[in-house]
Amino acid sequence: MQSDQLLITQFQAANNKEACFTELLKKHQQKVYYQIKRMVTVHADADDIAQQVWIKVWNKLDSFKMESEFGTWVFRIAYNETLNFLQKEKRHKNKVTTNDTIAYDNATGESDQPKSTEVTIVLETAVKQLPEKQRLVFIARYFDALPYEQIAEIMGTTIGGAKANFHQAVKKIEKFIRKD
Amino acid sequence: MRPTPNNTELIEDSALVENLFSKEELSAFEQRAQTVPSGYFEKFTEQVLNTIRDNNKKAKVIKLLPFFRVAIAASILFIAATAYLFYNNRPVEKTMATISIQDVSNEEIEAYVYSNELIAEIDLQDELNKAGLYVEQPSSSLNTDSNKLNN
């Protein structure tokens, strides 16, 4: 398997663009999808966002300067796309509560999608009530085990900012659980 | 599968989360996030490539050589300048509608004369005054006539 850097160089040299892009996509698509899915929880939404992300990657890859890792760069695009989606969704579904959303997810969920159980409902609800930035840091830090440096790069913030967001997220989740 | 924490800070952060939720809860959450319809990722690649191909067909960018860019810009400028000059220097058609007096009814002529009588009188009076002439006003003659009738 070729390195990301080599594939990007070939892509930028217009040397069999589609093949290079396909290889990059296949290498990173799962991680990108999981990152989005943990944030939005519904497969159809995650699928739409993931497609938008990879189309953006195709459009912007020519100007990618390799100052950061390709994976971090794609995560950053995914993060911004997810943030846009969540903000739009918030405006449209202002009156829908988190519990309603989970009930809706279960009602419309795909057959392959495991249903939210008693076990996951508390965690999902707790994660969903977090502000978007804290939600991303919490997920990236715990589930992806990403270093704060990378999280800060994805979010376009400082390492201190990322750390603060993680600890605030933990506190909010704790408060939410105690309240329940 | 969640990567194993490999540094002290990450282990400490993970412990904070694991104090709040059981491992069962956390792995169930992760499993739910990682579950996709069968064959999803294989189809996904093809779907993305098809969308990109469609977009490329719709918005085909034509790259121009610098000479052609200048030539096209000059042509647009030339057309715009010609259009501007042509528009501003076009001969103004000074055609007046000619209407035969026979085509106008007597009522219309009378209405026109009547409605313009005052202005005509004022203009006429001005001209007479300038020429140093005096003409008796029709209104005063009318008044005199009416006085006579009353008497």
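**Chain A and its contact with chain B in a predicted model**

In this predicted model, 34% of the 180 residues of chain A count as buried.

Reader: What makes a residue of chain A count as buried?
Author: A residue is buried if 20 or more other C-beta atoms lie within 10 Å of its own. Of the 180 residues of chain A, 34% count as buried.

Reader: How many helices and strands are there in chain A?
Author: Chain A has nine helices and zero strands. From the N terminus on, its elements run α-α-α-α-α-α-α-α-α.

Reader: How do you know which residues of chain A are in contact with chain B?
Author: Two residues are in contact if their C-beta atoms lie within 7 Å. With that cut-off, 32 residues of chain A are in contact with 31 residues of chain B. Helix 2 of chain A gives the most to this side, with nine residues. By class, the side has 15 nonpolar, eight polar and nine charged residues.

Reader: Where in chain A is confidence lowest, and where is it highest?
Author: Confidence is lowest in helix 5 (residues 98-108) of chain A, at a mean of 48, and highest in helix 3 of chain A, at 95. Chain A averages a pLDDT of 84, and 84% of the residues score at least 70.

Reader: Why should some predicted coordinates not be read in detail?
Author: Where pLDDT is low, predicted coordinates should not be read in detail. Over residues 103-111 of chain A the pLDDT is below 50. Beyond near neighbours in sequence, that stretch has eight contacts in the model.

Terms used
Residues numbered from 1 in each chain as written. Chains lettered and ligands numbered in written order. Predicted model: local features only at pLDDT ≥ 70, side-chain atom pairs only at ≥ 80, totals over all residues. Helix = DSSP H or I, 4+ residues; strand = E, 2+ residues; numbered from the N terminus. Nonpolar A, V, L, I, M, F, W, Y, C, P; charged D, E, K, R; others polar. Buried ≥ 20, exposed ≤ 12 C-beta atoms within 10 Å, placed from the backbone. pLDDT = per-residue confidence, 0-100.
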